[in-house]
Amino acid sequence: MSQYTIKLKMLMLVASMVVMASCQPQTESPEKTSEAPIARYSNAKVCEFSQELAALPTNPVNTAELRYLNEQWRELNRSERMFRNSEADDSRAILSELNIALAHETAVLLQQAIAVTAEAYEQIEGLRAYASDPDNMKVPDSITRTLVNKLEDCCLNQLNGNATALVREEKNSALYNIGTFAYFINRDVNQILRNELSLSEYEARVAKASAALPPLPTETISTAPTWAQCRTAE
């Protein structure tokens, strides 16, 4: 066999190998797809609440509106799966800071209630001094009616509203404690008038709870709705 023939066969062998290689199925590399994270949005009612909270006037705090927002938070928190992740805790933290204003307002309102109660108490004690059976003396309806009217005019509704918000604060905290006085205002006034609770002792307890309150914030409290994940208007 000539050298030429050997070279020719080698070339043909190489060519056939190239052809076979080209015929092999190509393994396609998997396409890399960038999967965007699925956005989870807050409940629509939570978003509505976050906007109302953000719109609350805070310098000074509008306590009437704040009472309403505390009630709205309570309703949302009572519904399962309304708040997600840490939304309940984050929004509650904002409310708690704002509720310092409610606590200080409550302290002032309690003093007003004490003054009205003291006036009625003095009138009743004056009558008891001349009663044949002071322990069982019937309090005149006029005194009771005047007391109730004055309490309603000065502070009763606000105290009840503040109490609903403040007794949801951390138990035995300063805000919680002043809130309990507001919560039991009707019971305590009746006990004072029946001599079951000393007026001076009650006043001292309220003063102590008021003195323990944290000071009002000197800087504007941020109510930005960053704690909720809401769709932006397009």
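**Figure 1. The buried residues of helix α2 pack against α3 and α4.** In this predicted model, helix α2 spans residues 44-54, and its buried residues are Val46, Cys47, Phe49, Ser50 and Leu53. These residues lie on the same side of α2 because they cover an arc of only 160° around the axis. Residues three or four places apart in an α-helix point the same way, because the helix has 3.6 residues a turn. The exposed residues Ala44 and Lys45 are carried on the face of α2 turned away from its buried side. At the start of the helix, a side-chain oxygen of Asn43 comes to within 2.8 Å of the backbone nitrogen of Lys45.

**Figure 2. Overview of the helices in the protein chain.** The chain contains nine helices and zero strands, and its pattern along the sequence reads α-α-α-α-α-α-α-α-α. Of its 234 residues, 34% are buried. Contacts between residues at least 6 apart in sequence join, in 76% of cases, residues at least 24 apart.

**Figure 3. Packing of helix α3 on helix α4.** Two packed helices are described by the angle between their axes and the distance between the axes. For α3 (residues 63-78) and α4, the angle is about 145° and the axes are 10 Å apart. The crossing in which α3 passes α4 is left-handed. On the α3 side, the residues that meet α4 are Thr63, Leu66, Arg67, Leu69, Asn70, Trp73 and Asn77. Their counterparts in α4 are Ala88, Ser91, Arg92, Leu95, Leu98, Asn99, Ala101, Leu102 and Glu105. By class, the contact comprises eight nonpolar, five polar and three charged residues.

**Figure 4. Surroundings of Asn162 in helix α6.** Helix α6 covers residues 156-166 and includes Asn162. Asn162 counts as buried because its relative accessibility is 0%, below the 20% cut-off. Its side chain forms a polar contact of 2.9 Å with the side chain of Arg67. A polar contact of 3.0 Å joins the side chain of Asn162 to that of Thr106. With neighbours within four places in sequence left aside, the residues in contact with Asn162 are Arg67, Leu102, Glu105, Thr106 and Leu109. Among them, Arg67, Leu102 and Glu105 also take part in the contact of α3 with α4.

**Figure 5. The buried side of helix α8 and its covering helices.** Helix α8 runs over residues 185-193, with Ile185, Asp188, Val189, Ile192 and Leu193 as its buried residues. They are placed on the same side of α8 because they cover an arc of only 135° around the axis. Their cover includes α4 (87-128), α5 (141-154), α6, α7 (174-183) and α9 (199-211). Just after α8, Asn195 adopts a positive phi of about 65°.

**Figure 6. Close-up of Asp188 within helix α8.** Which residue shares a side-chain polar contact of 2.9 Å with Asp188? The partner is Arg187, and the contact joins the side chains of the two residues. Asp188 is buried because its relative accessible area is 4%, under the 20% limit. Not counting residues up to four places away in sequence, Asp188 touches Phe181, Leu197 and Tyr202.

**Figure 7. Backbone geometry in the loops on either side of helix α3.** Most residues other than glycine have a negative phi, and most peptide bonds are trans. In the loop between α2 and α3, which holds Pro60, the peptide bond from Asn59 to Pro60 is cis, with omega near 0°. The loop between α3 and α4 contains Arg81 and Asn85. Phi of Arg81 is positive, near 60°, and that of Asn85 is positive at about 50°; neither residue is a glycine. Arg81 counts as exposed because its relative accessibility is 79%, over the 50% cut-off. Asn85 likewise counts as exposed because its relative accessibility is 69%.

Definitions and conventions: Residues are numbered from 1 along each chain as its sequence is written. This is a predicted model: local features need pLDDT of at least 70, side-chain atom pairs count only at pLDDT 80 or more; totals for chains, interfaces and linings use all residues. Side-chain values use heavy atoms; hydrogens and water are left out. Helices (H or I, at least four residues) and strands (E, at least two) are DSSP runs, numbered from the N terminus. Buried means under 20% relative accessible area, exposed over 50%, partly exposed in between (1.4 Å probe, protein chains only). A polar contact is a pair of N or O atoms within 3.5 Å; within protein, one must be able to donate a hydrogen and the other to accept it, and residues adjacent in sequence count only if both atoms are side-chain atoms. Contact means heavy atoms within 4.5 Å. The arc is that of the directions from the helix axis to the C-beta atoms. Axes are lines fitted to C-alpha atoms, for helices over the stretch in contact, and angles run from 0 to 180 degrees between N-to-C directions. A crossing is left-handed if the near helix is turned anticlockwise from the far one by less than a right angle, and right-handed if clockwise. Ala, Val, Leu, Ile, Met, Phe, Trp, Tyr, Cys and Pro count as nonpolar, Asp, Glu, Lys and Arg as charged, and the others, Gly among them, as polar.
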